[in-house]
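Hi everyone, thanks for coming. Please bring up the model on your screens, and we'll walk through it together.

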Amino acid sequence: MYDQVVRADSPVTLLGAGDSTGGCLAEALAYAPFLVAADGGANVALAAGHVPDVVIGDFDSISAETRSAVPGDRLWHIAEQDSTDFEKCLSRIAAPLILGVGFAGGRLDHVAAVWTVLARYPDRRCLILGREDVVFLSPRQLRLDLAEGARVSLFPMGAVSGRSEGLFWPIDGIGFAPDGRIGTSNRATGPVDLEFDAARMLVMLPRDCLAAAIAALAPGDRA
């Protein structure tokens, strides 16, 4: 268990050093204006005209110019090298929802590491926002208010099974696993209800389903 660096009653934007173009950062900040930067994400924040409220990381990527521009009491140096900066942040943020930007593009090993960390912390509600998709680890029960035809991809991070209503191809009775059955390119016939026997399933939706994903993960909030 890690000490919490950020405790918030409202959603938080977490910014990494990857691709945050396409309006992703602005869209996230409009919904969650409290900004946490993961190490080199602080460089991206300053370049976009934002001073992060908190910076967390091992500080091997943050520039000297950025570090001098951020007040010292906002810098949280985590020296250990056994975790990624994304994990250093996710494990230390307590918030109803975290919107991750800058973690969905660029190097594929970094993207895979982010997915692994999502699976490692099922108690954190974290939605990764990319240029084309939104990705999150589903809780064991989930309701998505989707339009007919919306793409719904399911990618297991471990052995998991469940049931569905509102999917063109129902998942009832199917055992999913990373080295077995996966559920890419399913589609909604309308609102979708999902139930899983474990919190091990990533849900991937088109970018224009962000509001529906937020509503599902943080009921009572809207984008």
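Let's begin with a term: a residue is called buried when its relative accessible area is under 20%, exposed when it is over 50%, and partly exposed in between, using a 1.4 Å probe and protein chains only. Next, some ground rules: this is a predicted model, where local features need pLDDT of at least 70, side-chain atom pairs count only at pLDDT 80 or more, and totals for chains, interfaces and linings use all residues. Residues are numbered from 1 along each chain as its sequence is written, and side-chain values use heavy atoms, with hydrogens and water left out.

I'll also talk about helices and strands, which are DSSP runs numbered from the N terminus (helices are H or I with at least four residues, strands are E with at least two).

Now, a first residue. Is A119 buried, partly exposed or exposed? A119 counts as partly exposed because its relative accessibility is 24%. You'll find A119 in helix α5. Its C-alpha lies 6.1 Å from that of R200, although 81 residues separate A119 and R200 in sequence.

Compare that with A45, which sits in helix α2, residues 41–47. A45 counts as buried because its relative accessibility is 0%. The C-alpha atoms of A45 and L15 are 7.5 Å apart, with these positions 30 residues apart along the chain.

One more residue: S91, in the loop between α4 and β6 (93–94). S91 is buried, with a relative accessible area of 2%. A polar atom of the S91 side chain lies 2.8 Å from the backbone oxygen of E87. For reference, a polar contact is a pair of N or O atoms within 3.5 Å; within protein, one must be able to donate a hydrogen and the other to accept it, and residues adjacent in sequence count only if both atoms are side-chain atoms.

On to the strands. Two strands pair if DSSP finds at least two bridges between them. Which strands does β8 pair with? Strand β7, residues 98–101, runs parallel to β8, with 4 bridges joining them. Within that pair, V101 stands opposite L129. On β9, the pairing is antiparallel, with 3 bridges to β8, and L127 has F136 as its bridge partner. A hairpin of 3 residues links β8 to β9.

Look at both faces of β8, please: C126 and I128 on one side, and L127 and L129 on the other, are all buried. Together, β7, α5 and β8 form a right-handed β-α-β unit. Right-handed here means that, with the strands pointing away from the viewer, the path from the first strand over the helix to the second runs clockwise.

Strand β10, residues 141–144, has alternating side chains. L142 and L144 point to one face and are buried, while Q141 and R143 point to the other and are not. Strand β14, residues 183–196, runs antiparallel to β10, and 4 bridges join them. R143 stands opposite D193 there.

Finally, the spaces. On a 1 Å grid over the protein atoms alone, a cavity is a set of points where a 1.4 Å probe fits but cannot get out, and a pocket is an open set with protein on both sides within 12 Å along at least five of seven lines; lining residues have an atom within 4 Å of a point. Grid points are joined across faces, edges and corners, and a volume is the space filled by probe spheres set on the points.

The largest pocket has a volume of about 490 Å³. It is lined by 25 residues, and T84, D85, F86, F103 and H110 lie nearest its centre. The elements giving two or more residues to this lining are α4 (85–90) and α5 (108–120), and the largest share, 4 residues, comes from α5.

The second largest pocket holds about 250 Å³ of space. Its lining has 16 residues, with A104, G130, E132, D133 and V135 nearest the centre. Here α5, β8 (126–129) and β9 (133–137) each give two or more residues.

What lines the largest cavity? L90, L118, Y121, R124, C126 and L137 do, around a volume of about 30 Å³. You may recognise C126 as one of the buried residues of β8. Thanks for listening!
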